[in-house]
Amino acid sequence: MGYVFSNLAAGLTTPLIPLFIVFYLKSNVEFVGLVSAISSLASVPALIVWGNLSDKIKRRKIFIIIGFVGSFLSLLLVLVVHTVSTYMSMLILFQIVAMASVPVSTLLILENSDKSSWSNVMGKFNSYSAIGTVLGLGIGVLILTFFSGMGRELIPYLYIVAAWFYLIAGIISILVLKEPKTEISRGKIGYLYALHAIERVRYFPTHLVHIPGKENKIKIPDYLKLYLITTLILMMGFQLFFIPYPVFVIDRMNASENDIYIMYLLNSLFSAATFIPAGRYINYIGSNRMLSISTSIRVVLFLVMGVVSFFVFDTVGYLLLFIVMYGVFGAIWSFIGISEITSISNMATTLIRGKVIGYYNSLNGVGQIIGAGLSGFIAYDIGYSFDFILSAIIVLSGLLIIFYSKPPDIQYSKKIIKSHS
């Protein structure tokens with residue numbers, strides 16, 4: 001239950017960077033991209049330090065508590081934030097303390113469970129994560145609807161509400177979680193929780209479990225290395241599109257805070273709804289073909305949105321189009337995410353699977369940071385339309401690499417489907 005509240009808080013804060021910077025601080029898309037990238041970057045060393053520290057002192061529960069209670073305290077600082085620099089400082093602090101719970105969260109759950117029930121436990125954990133995110137976004141919509149009279153002064157208080165949810169998660173963790181009697185190596189179980197029902201378009205991957213190290217000297221095949229690099233390119237292109245997208249909707253169609261929350265909510269709902277069907281459909285066409293088809297659809301839609309953005313006007317019709325399309329992109333992510341992890345998991349042998357999954361998560365994070373960092377400058381200095389079209393070109397380049405390298409067309413394991421349904 002504690003994880004439901006923490007994911008609820010995470011869902012509530014997901015759309016807040018563009019809203020806080022554009023509406024509350026009255027700044028622009030350039031800083032939206034910069035703040036997103038720097039706050040994400042801050043989580044990288046934090047993940048490594050917290051993960052290594054938890055392995056060294058052989059404790060799990062204390063890091064969960066540090067992460068949840070630390071998130072509560074750091075988000076309260078929003079009350080003294082009035083500039084982009086102080087806002088960025090708050091988010092960096094939040095990322096550093098919040099990451100304490102990430103490397104050990106699912107480890108603690110698995111270490112308190114019988115190995116025979118791991119698949120079922122992880123299926124529930126992934127479901128709770130998705131449910132919590134959707135609920136958080138829904139609560140954001142309700143708050144903005146019922147307290148609309150407060151205007152844009154309400155935005156910082158969304159962080160305060162999220163902070164209290166983190167505190168509730170921390171209290172539940174203190175009362176309910178038990179320190180495990182057995183210890184599991186993070187490098188050996190990456191396959192259990194590398195699947196994400198909802199695409200994270202703002203922060204470094206939140207289920208990173210293993211930073212690849214020197215403990216495994218078995219080399220990764222060249223074709224698999226190329227595939228991993230391709231996933232970085234794809235994620236960079238995706239972030240280049242998604243980071244400026246809500247700001248574009250605000251700038252060009254006068255979208256409200258509520259509109260943006262509804263947009264994110266649709267994205268999460270569509271993604272969660274198509275996650276299981278996407279996994280099952282891979283059995284019929286294979287992971288490589290699935291990735292090619294779903295990525296091709298995104299390329300076409302990115303190009304279409306880029307062209308449409310040249311002619312968009314402040315009308316309800318255009319606003320609805322861009323809101324619904326954001327939901328459609330969420331549905332497509334399910335097919336892309338499952339295809340990638342299916343191919344990677346099956347191309348890697350058992351001895352290097354944990355290592356490869358670690359690289360996959362890390363490279364996805366790097367792609368997120370690079371894409372976010374570039375997106376704001378491109379959208380602000382050149383234009384949103386150019387940014388959208390450039391993102392399509394970058395994703396297309398990744399797709400062409402897939403066609404060139406011809407990775408194995410592997411079907412999705414029925415066992416994996418069952419464990420995440």
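## Reading the surface and the core

Tutor: Let's start with Leu 77, which sits in the loop between helix 4 (61-76) and helix 5 (84-98). Keep in mind that this is a predicted model.

Student: Why is Leu 77 called partly exposed?

Tutor: Its relative accessibility is 36%. Buried means under 20% and exposed means over 50%, so at 36% Leu 77 counts as partly exposed.

Student: What makes the nonpolar surface patch that includes Leu 77?

Tutor: Leu 77 is joined there by Leu 79, Val 80, Leu 93, Leu 142, Phe 146, Phe 147, Met 150 and Tyr 157, and the patch covers about 900 Å². A patch residue needs over 30% relative accessible area, so Leu 77, at 36%, passes that cut-off.

Student: Now the inside. Which residues have the most contacts within the largest nonpolar core?

Tutor: They are Phe 20, Tyr 87, Tyr 159, Tyr 245, Val 249, Tyr 261 and Phe 329, in a core of 110 residues. Helix 13 (residues 316-347) gives the most to this core, with 12 residues. Domain 1 (1-195) and domain 2 (199-205 + 216-409) each supply at least three residues.

Student: What does Val 249 touch, leaving aside neighbours within four places in sequence?

Tutor: Val 249 is in contact with Asn 254, Ala 255, Ile 260, Met 263, Leu 319 and Phe 322. Apart from the largest core lies another, of six residues, including Ile 282, Ile 285, Met 290 and Ile 338.

Student: And how many helices and strands does the protein have?

Tutor: There are 16 helices and zero strands. Of the 421 residues, 62% are buried.

Key
Residues numbered from 1 in each chain as written. Predicted model: local features only at pLDDT ≥ 70, side-chain atom pairs only at ≥ 80, totals over all residues. Heavy atoms only, no water. Patch = residues over 30% accessible without salt bridge, like charges linked within 9 Å, V, L, I, M, F, W, Y side chains within 5 Å. Areas by Shrake-Rupley, 256 points an atom, 1.4 Å probe, with all protein chains shown as cover. Salt bridge = Lys/Arg side-chain N within 4 Å of Asp/Glu carboxyl O. Helix = DSSP H or I, 4+ residues; strand = E, 2+ residues; numbered from the N terminus. Buried < 20%, exposed > 50% of the residue type's maximum accessible area, 1.4 Å probe, protein only. Core = buried A, V, L, I, M, F, W, Y, C linked by side-chain atoms within 4.5 Å. Domains from an automatic or database assignment. Contact = heavy atoms within 4.5 Å.
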